[in-house]
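Please walk through the model below, beginning with a charged side chain and its aromatic neighbours and ending with the nonpolar core.

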Amino acid sequence: QVQLVESGGGLVRPGGSLNLSCAASGNIAGIYRMGWYRQTPGKQRELVANIWTSGMTNYADSVMGRFTIRRDNAGNTVHLQMNNLKLEDSAVYYCHAEQFLALGLGAEYEYWGQGTQVTVSS
């Protein structure tokens, strides 16, 4: 069982910055990927950024060059630094984790944070 707790959302002006944090707790040993997704009303939840245990990252085209995902040395906290925010970045941002546990035949688990609101407005 893994719990994801997010922080850092809020209201920001266009061009401003926010830093989101997601702290993972519980049985985090099997987590191989963590990331951020976002969702606005009437749209599908979309990937923002992922980071693997190896440190490899990927980003949505819409945030490339503006957002940076990173994790701390312990690997239990990930951050999303969001710079040059645009109106279309407004969304509920969700922390996400994928875990593989080698129990029996093996099992895949995924977890979601509660979501944090990011509003970009002038």
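In this predicted model, the charged end of Arg45 is placed over the ring of Tyr94, at 3.7 Å from the ring centre. Arg45 also lies over the face of Trp112, where the distance to the ring centre is 4.6 Å. Both distances fall within the 6 Å allowed for a charge over a ring.

The two rings under Arg45 also belong to an aromatic cluster, which is made up of Tyr37, Tyr94 and Trp112. The count of aromatic pairs is two. One of them joins Tyr37 and Trp112 edge-to-face, with 5.2 Å from centre to centre and 70° between the planes. This pair links distant parts of the chain, since Tyr37 is in strand S4 and Trp112 in strand S10 (residues 107-112), 75 residues apart. Tyr37 has a relative accessible area of 15% and is therefore buried. For Trp112 the relative accessible area is 35%, so this residue is partly exposed.

The pair of Tyr94 and Trp112 is edge-to-face because the planes of the rings stand at 90°, with the centres 6.4 Å apart. Here too, distant parts of the chain are linked: Tyr94 is in strand S9 and Trp112 in strand S10, 18 residues apart. Tyr94 is buried, at a relative accessible area of 15%.

Next comes the nonpolar core. The largest one has 29 residues, and the members touching the most others are Leu4, Met34, Trp36, Leu80, Met82 and Tyr93. Many strands contribute at least two residues each to this core, among them S1 (2-7), S3 (18-26), S4 (31-39), S5 (46-52) and S7 (67-71). Strands S8 (77-82), S9 (91-101) and S11 (116-120) each supply at least two residues as well.

What does Met82 touch, not counting residues up to four places away in sequence? The contacts of Met82 are Gly16, Ser17, Leu18, Leu20, Arg66, Phe67, Tyr93 and Val118.

The last residue to consider is Asp89, which is found in the loop between S8 and S9. Is Asp89 buried or exposed? The relative accessibility of Asp89 is 1%, so Asp89 counts as buried, the limit being under 20%. Leaving aside residues up to four places away in sequence, Asp89 touches Arg38, Arg66, Phe67, Asn84, Val118 and Val120. Arg66, Phe67 and Val118 are named among the contacts of Met82 and among those of Asp89.

Terms used: Residues are numbered from 1 along each chain as its sequence is written. This is a predicted model: local features need pLDDT of at least 70, side-chain atom pairs count only at pLDDT 80 or more; totals for chains, interfaces and linings use all residues. Side-chain values use heavy atoms; hydrogens and water are left out. A nonpolar core is a set of buried Ala, Val, Leu, Ile, Met, Phe, Trp, Tyr and Cys residues joined through side-chain atoms within 4.5 Å. Buried means under 20% relative accessible area, exposed over 50%, partly exposed in between (1.4 Å probe, protein chains only). Helices (H or I, at least four residues) and strands (E, at least two) are DSSP runs, numbered from the N terminus. Contact means heavy atoms within 4.5 Å. Rings of Phe, Tyr and Trp (its six-membered ring) pair if their centres lie within 6.5 Å; planes under 30 degrees apart count as stacked, over 60 as edge-to-face and the rest as tilted. A charge sits over a ring if NZ of Lys or CZ of Arg is within 6 Å of the ring centre and within 35 degrees of the ring normal.
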